[in-house]
Amino acid sequence: MARYYFDLHNGEGPTRDEHGTELKSRDDIPKEVTRILLDVARDELPAGDRMTIAVTVRDECGDPVTVASLVFSNEWLDVIR
């Protein structure tokens with residue numbers, strides 16, 4: 001098992017993961033990233049018309065492995081011009 005760190009970047013600024021999560025393999029990273037992004041989106045959206053939530057994953061050495069993001073964009077179509 002390897003430990004990975006999931007740093008969150010959202011409207012409140014970056015939050016560094018100091019504890020990490022042990023995963024069986026690197027193949028489990030996308031599932032964990034998806035869980036995190038959906039949990040944050042559920043708690044924070046809609047906070048406005050546009051928002052990007054990103055997770056950067058670091059390995060045990062602190063080196064970035066991957067970054068994933070979720071973009072929310074709402075455009076009102078009935079606005080009088």
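Select R58 to begin: in this predicted model, R58 has a relative accessibility of 8% and therefore counts as buried, the cut-off being under 20%. Now add D7 to the selection. D7 is buried as well, at 6% relative accessibility. The two side chains form a salt bridge, and the distance to display is the one between the closest N and O atoms, 2.6 Å.

Next, colour the strands that carry this pair. R58 belongs to strand 4 (residues 50–58) and D7 to strand 1 (residues 2–10), so the salt bridge ties together parts of the chain that lie 51 residues apart in sequence.

Move on to helix 1, residues 29–44, and show D39 and R42. Their side chains meet in a salt bridge with an N to O distance of 2.9 Å. The two residues are three apart in the helix, so about one helical turn separates them. How exposed are D39 and R42? D39 is partly exposed, at 28% relative accessibility, while R42 is exposed, with a relative accessible area of 59%.

Keep D39 and R42 on display and add E32 and R35. These four residues are linked in a network of salt bridges.

Then select R16 and E18. Their side chains form a salt bridge too, at 3.8 Å from N to O. Both R16 and E18 are exposed. A search of the whole structure gives six salt bridges, among them R58 with D7, E18 with R16 and D39 with R42.

Hide the side chains and switch to a cartoon. The chain has one helix and five strands, and their order along the sequence is β-β-β-α-β-β. With a radius of gyration of 15 Å, well over the 12 Å that the globule rule gives for 81 residues, the chain is more spread out than a compact globule. Turn the C-alpha trace onto its principal axes: the spans are about 55 × 20 × 20 Å.

Colour by burial next. Of the 81 residues, 31% are buried. For a contact map, count the pairs of residues at least 6 apart in sequence: 47% of those contacts join residues at least 24 apart.

Finish with the surface. The accessible surface of the chain is about 6000 Å², and carbon and sulfur atoms account for 51% of that area. Colour by charge as a last step: the chain has 10 positive and 17 negative charges, and the mean positions of the two sets are 3 Å apart.

Notes:
Residues are numbered from 1 along each chain as its sequence is written. This is a predicted model: local features need pLDDT of at least 70, side-chain atom pairs count only at pLDDT 80 or more; totals for chains, interfaces and linings use all residues. Side-chain values use heavy atoms; hydrogens and water are left out. Helices (H or I, at least four residues) and strands (E, at least two) are DSSP runs, numbered from the N terminus. The radius of gyration is taken over C-alpha atoms; the globule rule is 2.2 Å times the number of residues to the power 0.38. Buried means under 20% relative accessible area, exposed over 50%, partly exposed in between (1.4 Å probe, protein chains only). Contact means heavy atoms within 4.5 Å. Accessible areas come from the Shrake-Rupley method with a 1.4 Å probe; for residues, only the protein chains shown count as cover. Lys and Arg count as positive and Asp and Glu as negative; His and the chain ends are not counted. The place of a charge is taken as NZ of Lys, CZ of Arg, CG of Asp or CD of Glu.
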